[in-house]
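Here is a friendly walk through one protein model, for someone meeting it for the first time. Take a look at the structure, then read on.

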Amino acid sequence: MPNYLSVVYDKNKRPYTNYPSQLCGYLFERFGMKKGDTLLDIGCGRGDFAKGFKDLGLVVSGIDREMGDTEMLQGVDVRKSEDLGNDPFPFGDEIFDFVFSKSVIEQIQNPDTIMKETRRVLKPGGRIISMVPDWQSQMYIFYDDPTHVHPYTAAGLKDLFAISGFQEVKSELFYQLPVLWKYPWLKIVSRTLQLLGPVKRIYKNKFMRWSRELMILATGVK
């Protein structure tokens, strides 16, 4: 029986790349992660990002409604949740230094439970890091994914974190181009491309696609 992972993340449609390890490395450095830190990957899916963080020396756990690539998730404590929007996380209180999610909370109509549970499992001083599609740049393709139910803007996601009790909240538009992380001055080219307006189709050219199809990166501290 097909499921979300087997259809949307089919290996032929979305083959494995080194992007997850690059993003994990970027976040590791930016947010001062250290080897031995504990991290929960919400909606860990195939395991691309869980593996990326594990390879950097973090102690990684995952949670999802479907089990991903067992080889990629080797050494990761993955637990199942049928409904992330309503069910308590199957983990104890205050055990994680970081809680990470990418392309997850836009699939949840009411985020109250997932935000409450995230705060519960974080240690005092622990950090939430979430990435979601940016509605303003992706409005025409947002619902191409049938699981998407809750669009976000950078301002809206920032307010959600603050309402949920997180401190030092920041929210920004994020470019998924590693070259821009290394050479931020190149963003002027991407910003010029954004003058074309919200994307209406998926571009094959990666620079064109990820210059216009932005994510939101939001973070806060318990």
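## A loop with a positive phi

Let's start with Ser 103, which sits in the loop between β4 and α4. The model is predicted, and in it the phi of Ser 103 is near 60 degrees, a positive value in a residue other than glycine. Is Ser 103 buried or exposed? With a relative accessibility of 18%, Ser 103 counts as buried, because the cut-off for that word is under 20%.

Glu 168 has a positive phi too, of about 50 degrees, although Glu 168 is not a glycine either. You'll find Glu 168 in strand β6, which covers residues 167-174. Its relative accessibility is 57%, so Glu 168 counts as exposed.

## One cavity inside

How many cavities of 30 Å³ or more are there? The count comes to one, and about 40 Å³ of space lies in the largest cavity. Its lining is made of Ile 42, Val 99, Ser 101, Ile 105, Ile 114, Met 115, Thr 118, Ile 128 and Ser 130. Three elements give two or more residues each to that lining: β4 (96-102), α4 (112-121) and β5 (122-133).

Which element gives the most to the lining of the largest cavity? That would be α4, with three residues. By type, the lining residues split into six nonpolar and three polar, with no charged ones.

## The nonpolar cores

The largest nonpolar core has 26 residues. Those with the most contacts inside this core are Leu 40, Ile 42, Leu 84, Phe 89, Ile 114, Leu 157 and Phe 161. Two names here may ring a bell: Ile 42 and Ile 114 also turn up in the cavity lining. The elements that give two or more residues to the core are β1 (38-42), β4, α4, β5, α6 (154-163) and β7 (215-221). Of these, α6 gives the most, with four residues.

Phe 161 is a good place to zoom in. Leaving aside neighbours within four places in sequence, Phe 161 is in contact with Met 115, Ile 128, Ser 130, Phe 166, Val 169, Ala 218, Thr 219 and Gly 220. Apart from the largest core lies another, of 25 residues, and its members include Leu 27, Phe 28, Phe 49 and Ala 50.

## Rings that pair up

The structure holds 11 aromatic pairs. One of them joins Tyr 19 and Trp 181: the ring centres are 6.0 Å apart and the planes meet at 50 degrees, so the pair is tilted. Tyr 19 belongs to helix α2 (residues 19-30) and Trp 181 to helix α7 (residues 178-182), so this pair ties together parts that are 162 residues apart in sequence. Tyr 19 is buried, at 16% relative accessible area, and Trp 181 counts as buried as well, at 18%.

Another pair is formed by Phe 91 and Phe 96, and this one is edge-to-face, with 5.4 Å from centre to centre and 80 degrees between the planes. Both of these Phe residues are buried. Back with the tilted pair, Tyr 19 and Trp 181 also belong to one aromatic cluster together with Tyr 26 and Phe 174.

## Helix α3 and strand β1

Which residues of helix α3 (residues 48-55) are buried? They are Asp 48, Phe 49, Ala 50, Gly 52 and Phe 53. What covers them includes α2, β1, β2 (59-64) and β4. Just after α3, Gly 57 takes a positive phi of about 100 degrees.

Over in strand β1 is Thr 38, which counts as buried at 16% relative accessibility. Not counting residues up to four places away in sequence, Thr 38 touches Val 59, Ile 95, Phe 96, Asp 97, Phe 98 and Lys 123. Phe 96 is the residue that pairs edge-to-face with Phe 91.

## A last stop at α8

Lys 187 lies in helix α8 (residues 187-193). With a relative accessible area of 24%, Lys 187 is partly exposed. Setting aside neighbours within four places in sequence, Lys 187 is in contact with Tyr 175 and Leu 180. How far from Lys 187 is Ser 211 in space? The two are 8.1 Å apart, C-alpha to C-alpha, and 24 residues apart in sequence.

Conventions: Residues are numbered from 1 along each chain as its sequence is written. This is a predicted model: local features need pLDDT of at least 70, side-chain atom pairs count only at pLDDT 80 or more; totals for chains, interfaces and linings use all residues. Side-chain values use heavy atoms; hydrogens and water are left out. On a 1 Å grid over the protein atoms alone, a cavity is a set of points where a 1.4 Å probe fits but cannot get out, and a pocket is an open set with protein on both sides within 12 Å along at least five of seven lines; lining residues have an atom within 4 Å of a point. Grid points are joined across faces, edges and corners, and a volume is the space filled by probe spheres set on the points. Ala, Val, Leu, Ile, Met, Phe, Trp, Tyr, Cys and Pro count as nonpolar, Asp, Glu, Lys and Arg as charged, and the others, Gly among them, as polar. A nonpolar core is a set of buried Ala, Val, Leu, Ile, Met, Phe, Trp, Tyr and Cys residues joined through side-chain atoms within 4.5 Å. Buried means under 20% relative accessible area, exposed over 50%, partly exposed in between (1.4 Å probe, protein chains only). Contact means heavy atoms within 4.5 Å. Rings of Phe, Tyr and Trp (its six-membered ring) pair if their centres lie within 6.5 Å; planes under 30 degrees apart count as stacked, over 60 as edge-to-face and the rest as tilted.
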